[in-house]
Amino acid sequence: MKNRYNSFKTHKNAGNSRRKLLCLSVAATAALTFTACSSPSELPDLPPLYEDTTVSGSVQTQKPAGGTSDSTEKPGEDAVSPDTSEQTVTVTEKETPFGITYIYDENLYDDERIILREGKNGYTVSTYRIIYENGKEIARELLSQTVTAPEAQEIIVGTKPSVTEKTETVRGEKIPFGTRYEYDATLEAGKTAIRVQGVDGYTESVFRITYYRGEEVSRELVSENTEAPVEQVVVIGTKEKGFYMPFLDASRGGHNYSVTQDFSSSHRGIDFGVWYGDPICAIKGGTVITAYDEGYFSKDNILWTYGTYVVIEHEDGMRSYYAHLKSRTVSVGDKVSGGQIIGYSGNTGRTNPEPTASKPYAGTHLHFEIRVKKNGVYVTTDPKAYLPYWTK
Ligand SMILES: [Zn+2]
C-alpha cells in the first residue's frame with residue numbers, strides 16, 4: 001500500500017512538479033532582491049529596460065526552474081518546452097535624487113553647516129518576468145513594483161555673520177597746548193587773566209577692524225587726523241594802580257633809592273635819597289598848582305625852605321609836593337599824567353648838610369609830601385599809604 005500510494009502520488013504530480021518548484025523559486029527570488037546584491041557579472045544579457053534605468057548592482061537573476069538539480073543547465077531547457085525559458089529579474093530603476101532641507105540657526109556662524117540627517121535617494125524596484133525563446137527575450141511582464149520616496153538631507157545652516165567689521169576711533173597721546181602772554185592796559189597791573197583757554201591737541205586714528213567669529217583678525221588704518229592744540233592766551237595787566245613813585249626807581253630804569261628820613265610828627269613828608277639830577281615824576285595825573293624857582297633857603301619865607309619845588313593837585317582832593325629840585329620842567333596850570341617827569345632832583349632850599357663850593361651835591365634828596373583835604377583843609381599825611389613801594 002505504501003508503495004502504491006507513493007507511486008500514485010509521484011505519477012499524479014509528475015506533470016506539475018516543475019511548475020510548483022518554479023513558483024517557489026520566484027517567491028524566493030523576490031525576497032532575496034532586497035537583501036542580497038549580485039555582482040554585475042551575474043547580470044543576464046538583457047536589452048536595457050529603460051534608458052534611465054539604474055541597475056547599480058540590484059539586479060537579481062533567476063535560473064530557469066528546471067535547473068534546480070543541475071546547475072549546468074542553460075535557460076530554455078525546460079521540461080515543458082525545451083526551447084522556452086523564463087527568468088525573473090528584479091531591478092532598481094528610476095533613482096530619484098534626494099533634496100536638501102535647510103534649517104537656519106541664528107546661533108551658528110554663517111560658514112557653519114551641520115548635517116542633521118543624510119539624504120537618501122528614492123528609487124523604484126521593479127520585478128519582471130522575462131520569457132526567453134531560444135535565448136532571446138520575447139516577452140516581459142511586470143510582476144511588482146515598489147516605489148521608495150527619497151529622504152531629504154537635512155542641513156543646519158548658521159545665519160550669524162562670521163565676518164564682521166567695526167570702525168574704531170583711537171585717540172593718541174595728547175599734544176599739550178602752549179601759552180602766549182599778552183599785555184592788557186585795561187587790567188590792573190599785577191593781575192593776570194586767561195583770555196583764551198588752552199586746549200590740548202591730539203591725534204585721532206580711525207581703524208577698520210575685521211573680526212572673524214568675534215576675534216580680531218585684521219586692522220586697517222582708514223584715516224588719521226591731528227587736532228592741533230589751542231594756544232592759551234594769558235593777559236597781564238599793565239594798568240597802574242594809580243600811583244607812581246615820585247622818581248624813576250630801578251624797576252623803571254632809574255637808580256636805587258633809600259629813605260633817608262621817614263614821615264613823622266616833626267617831619268611831615270618822606271626824604272628819598274635820590275641821585276642828583278635824577279628825574280622826578282608825578283605820582284599821579286593832575287594839574288600843577290605851584291612851580292617855584294627861588295630855590296635857596298630864606299628864614300623870611302617858609303616856602304624857600306623847599307627850594308625849587310612843584311605842587312600837583314590831583315582830582316580826588318589830594319596834593320603832592322616835590323621839594324629841593326635842581327630844576328623843574330612843568331609850570332602852573334600844566335596837566336600832567338602819572339609817571340611824567342616834572343623836574344630833576346637837587347639840593348635847593350634847606351637841606352642838611354648844605355651844599356658848599358667844594359661839595360655842590362651835598363644834601364641832595366627829594367622831600368616828598370602828600371596832603372589830603374580834611375574838613376576843607378589840606379593836611380599832611382603819610383605817603384606810605386599811597387605809594388606803590390609800600391602798597392603793592
Ligand atoms: Zn624832608
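**Cores and an open sheet in a predicted chain**

Leaving aside neighbours within four places in sequence, Phe-247 contacts Gly-254, Tyr-257, Phe-272, Val-274, Asp-278, Pro-279, Ile-280, Cys-281, Ser-345 and Leu-366. The model is predicted. Phe-247 belongs to the largest nonpolar core, which holds 28 residues. Within this core, Phe-247, Tyr-309, Val-310 and Tyr-322 touch the most other members. Six elements each give two or more residues to the core: strand 14 (270–272), strand 15 (279–281), strand 16 (286–292), strand 17 (308–314), strand 18 (318–328) and strand 21 (366–374). A second core is separate and has five residues. Val-89, Tyr-128, Ile-130 and Tyr-132 are among them.

The chain as a whole is considered next. It has 392 residues, of which 19% count as buried. Its secondary structure comprises three helices and 22 strands. Contacts were also examined by separation in sequence. Among those between residues at least 6 apart, 67% join residues at least 24 apart.

One open sheet is described here in detail. It has three strands, in the order 2-6-3, and its pairing is mixed. Strand 2 (100–109) and strand 3 (113–117) are the edge strands, and each pairs on one side only. Neighbouring strands of the sheet are turned by 30° against each other on average, direction ignored.

The two pairings of strand 6 can be taken in turn. Strand 2 and strand 6 (residues 153–160) run parallel and are joined by seven bridges. In this pairing, Ile-103 has Ile-156 of strand 6 as its bridge partner. Strand 3 pairs with strand 6 in the antiparallel sense, over four bridges. Here Arg-117 has Glu-154 of strand 6 as its bridge partner. Strand 3 has five residues, and the number buried is zero, so this strand lies largely in the open.

Asp-105 gives a closer view of the sheet. This residue is found in strand 2. Around Asp-105, 14 other C-beta atoms lie within 10 Å; the residue is therefore partly exposed, as a buried residue needs 20 or more and an exposed one has 12 or fewer. Not counting residues up to four places away in sequence, Asp-105 touches Ile-156, Gly-158 and Thr-159. Val-157 is 52 residues from Asp-105 along the chain, yet the C-alpha atoms of these two residues are separated by 6.0 Å.

How values were computed: Residues numbered from 1 in each chain as written. Predicted model: local features only at pLDDT ≥ 70, side-chain atom pairs only at ≥ 80, totals over all residues. Contact = placed C-beta atoms within 7 Å. Pairing = 2+ DSSP bridges. Axes fitted to C-alpha atoms, helices over the stretch in contact; angles between N-to-C directions. Core = buried A, V, L, I, M, F, W, Y, C linked by C-beta atoms within 7 Å.
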